[in-house]
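The exercises below ask the reader to work from a sequence and its structure towards a reasoned description. Each task is followed by a solution in steps.

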Amino acid sequence: MSEAPSKRHCVAAAWEAVNREMPKAVRIYTTTYCTFCRLAKDLLRERRIPFEDLDVTEDDEARRWLVEATGRRTVPQIFIGGKPIGGYEELRALDEAGLLAARVADGTPNA
Ligand SMILES: N[C@@H](CCC(=O)N[C@@H](CS)C(=O)NCC(=O)O)C(=O)O
């Protein structure tokens, strides 16, 4: 008789489906060779939060737009439901406060 799938397995499978089908509420602007970008994406993956990764390494126009939109010059810049929340440290602070999942759930997907 086959073994019933574990709860962990079911949750992982559900998140995979969400990743495939749900418009993503989290958008993260990154560059290559950016430690904070990697940490932010690792955290999102750990929490199984789907995200859209936009690499702006070679895109000066996008970098200028990001500075205007966020008032910050560093990457990553993370948007939830179209609103800038800051970089990795702000993402981690939301997570540590137990607010990240709710913010993502509240965030309307990026257009
Ligand atoms: N406090 C920021 C630090 C981000 C940061 O220092 N990022 C570096 C790259 S890993 C950066 O953007 N440096 C300036 C630049 O590349 O122009 C965060 O948590 O995201």
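The exercises that follow concern a predicted model.

**Exercise 1. Confidence**

Task: Determine in which helix of the chain confidence is lowest and in which it is highest.

Solution. Begin with the chain as a whole: the average pLDDT is 87, and 80% of the residues score at least 70. Next, turn to the individual elements. Confidence is lowest in helix α1 (residues 7-21), with a mean of 63. The highest value, 98, belongs to α2.

**Exercise 2. The two sides of α4**

Task: Identify the buried residues of helix α4 and explain why they lie on the same side of α4.

Solution. Step one is to list the buried residues of α4 (residues 88-96), which are Y88, L91 and L94. Step two is to consider their directions: because they span an arc of only 125 degrees around the axis, they are on the same side of α4. Step three is to examine the other side of α4, where E89 and E96 are exposed. Step four is to ask what covers the buried residues of α4; the cover includes α2 (35-46), β3 (77-80), β4 (83-86) and α5 (100-106). Finally, follow the chain beyond the helix: α4 is followed by G98, which has a positive phi, near 75 degrees.

**Exercise 3. β3 and its partners**

Task: Establish how β3 pairs with β1 and with β4, parallel or antiparallel.

Solution. Consider β1 (residues 26-30) to begin with: β1 and β3 pair in the antiparallel sense over 4 bridges. Within this pair, Y29 stands opposite Q77 of β3. Then consider β4, which pairs with β3 in the antiparallel sense over 3 bridges; here F79 stands opposite P84 of β4. The connection between β3 and β4 is a hairpin with 2 residues between the strands, and G81 in the turn has a positive phi of about 55 degrees. Lastly, inspect the side chains of β3. Q77 and F79 point one way and I78 and I80 the other way; all of these residues are buried.

**Exercise 4. The shell around the ligand**

Task: Name the residues around the ligand and sort the shell by class.

Solution. First collect the residues around the ligand: C34, T35, F36, R73, T74, V75, P76, G87, Y88 and E89. Then sort the shell by class, which gives 5 nonpolar, 3 polar and 2 charged residues. Next, relate the shell to the helices: α2 and α4 each supply at least two of its residues. To connect this with Exercise 2, note that two residues of α4 are in the shell list, Y88 and E89; Y88 is buried, whereas E89 is exposed.

Notes: Residues are numbered from 1 along each chain as its sequence is written. A residue is buried if 20 or more other C-beta atoms lie within 10 Å of its own, exposed if 12 or fewer, and partly exposed in between; C-beta atoms are placed from the backbone. The arc is that of the directions from the helix axis to the C-beta atoms. Two residues are in contact if their C-beta atoms, placed from the backbone, lie within 7 Å. pLDDT is the predictor's confidence in each residue, from 0 to 100. Two strands pair if DSSP finds at least two bridges between them. A residue is near a molecule or strand if its C-beta atom, placed from the backbone, lies within 6 Å of it. Ala, Val, Leu, Ile, Met, Phe, Trp, Tyr, Cys and Pro count as nonpolar, Asp, Glu, Lys and Arg as charged, and the others, Gly among them, as polar.
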